[in-house]
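Good morning, and thank you for coming. Please look at the sequence and the structure as they appear, and I shall then go through selected parts in turn.

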Amino acid sequence: MIKITSALSLVIFMTFVNITGALRIFRNNDEISREQIPKMEGLRDLFRAGNNDLVYIEGSRTYDTLRYGDSDGQLPFNVTFTDRLANNWKIVINSQSDDVTLVIPTGTQMFWFGGDASRTRTGSDAQTSWAQVQFTYQPGSWWKAAGVRISFNGYKEANAGEWSVDTARWNEILDLAKKGVEITGAVMDQVAQGAAIYASGGAGGAAGEE
């Protein structure tokens, strides 16, 4: 009886955590785990295998905060945005300890939705083609509601004329990561093959670049 009670308690606890305390990430309406997100070093390794690299743009670091006064600063907080290669993302901050970092293709500006304002804009250098973005809980004060702090670091491609990531390749990278494949230079051939499939209209096709 004790074992059954303990197991039941564990199930109830885990269900509660999943509903109220766990950060959630969605790409094109599909939920993914943070382990299924390509990491910066993995992407850089992939670029380097193609005689290219991602280089941090000095002075590109910026901070923005989405405030949620319309909901009295009460969790959860949703942040939505679209990357440069047309993937739609949603980050759900469910607790004050939630913290997640993404690497996304971007351009000179990104728009974040979800706070009280219609949208929040982050501008970056004209060379920016990628960004490492961190989302964390931002406490409120007596005159400001709690919200989500967005830390943005811009990156450029070292050799613009060399191997790069287009829409099809980015979709393939994300799909491989979702399957648990570690993104490194060793998966270059898989990415190239996947891009060819997308370009030929397989796997549902790919969205065009903006």
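**The surroundings of Phe135**

I begin with Phe135. Apart from residues up to four places away in sequence, Phe135 is in contact with Val79, Phe81, Ile91, Ile93, Asp98, Asp99, Val100, Leu102, Trp112, Val148, Arg149 and Ile150. Phe135 also belongs to the largest nonpolar core, a group of 45 residues. Within that core, the residues with the most contacts are Phe81, Ile91, Trp112 and Phe135. As general background, nonpolar side chains in soluble globular proteins tend to be buried together.

Before going further, I should state that this is a predicted model. The mean pLDDT of the protein is 83, and 82% of its residues reach 70 or more. Which stretches have a pLDDT under 50? Residues 1-20 stay under 50, and the model gives this stretch 4 contacts beyond four places in sequence. Over residues 203-210 the pLDDT is likewise below 50, and here the model has 16 contacts beyond near neighbours in sequence. Where pLDDT is low, the predicted coordinates should not be read in detail.

Let us now turn to a sheet. Four strands form an open sheet in the order β2-β1-β6-β5, and their pairing is antiparallel. At its edges are β2, residues 30-32, and β5, residues 77-82, each of which pairs on one side only. On average, neighbouring strands of this sheet are turned by 25 degrees against each other, direction ignored. In general, the strands of a sheet pair through backbone hydrogen bonds, either parallel or antiparallel.

One pair in this sheet is β1, residues 24-27, with β6, residues 88-93; they are joined in the antiparallel sense over 4 bridges. Arg24 stands opposite Val92 in β6. Helix α3, residues 167-178, packs on the sheet and touches β1, β2 and β6. The direction of α3 makes about 140 degrees with that of β1.

In the loop between α3 and α4 we find Lys179. Is Lys179 buried or exposed? Its relative accessible area is 67%, and Lys179 is therefore exposed, the cut-off being over 50%. Lys179 and Ile32 are 147 residues apart along the chain, yet their C-alpha atoms are separated by 10.0 Å.

My next residue is Thr128, in the loop between β9, residues 120-123, and β10, residues 130-138. Why does Thr128 count as buried? Its relative accessibility is 6%, and buried means under 20%, so Thr128 meets the condition. The side chain of Thr128 makes a polar contact of 2.7 Å with the side chain of Ser124. A polar atom of the Thr128 side chain also lies 2.8 Å from the backbone oxygen of Asp125. Leaving out residues up to four places away, Thr128 touches Ile57, Thr106, Gly107, Phe152, Gly154 and Tyr155.

Finally, I come to Gln109, which is in strand β8, residues 109-112. Gln109 is partly exposed, with a relative accessible area of 35%. Which residues does Gln109 contact, leaving aside neighbours within four places in sequence? They are Arg121, Thr122 and Gly123. With Arg121 there is a polar contact of 2.7 Å between the two side chains. Asp125, mentioned a moment ago for its backbone oxygen, is 16 residues from Gln109 in sequence and 8.6 Å from Gln109 in space, C-alpha to C-alpha.

Thank you for your attention.

Methods
Residues numbered from 1 in each chain as written. Predicted model: local features only at pLDDT ≥ 70, side-chain atom pairs only at ≥ 80, totals over all residues. Heavy atoms only, no water. Pairing = 2+ DSSP bridges. Helix = DSSP H or I, 4+ residues; strand = E, 2+ residues; numbered from the N terminus. Axes fitted to C-alpha atoms, helices over the stretch in contact; angles between N-to-C directions. Contact = heavy atoms within 4.5 Å. Buried < 20%, exposed > 50% of the residue type's maximum accessible area, 1.4 Å probe, protein only. Polar contact = N/O pair within 3.5 Å; in protein donor to acceptor, adjacent residues only side chain to side chain. Core = buried A, V, L, I, M, F, W, Y, C linked by side-chain atoms within 4.5 Å. pLDDT = per-residue confidence, 0-100.
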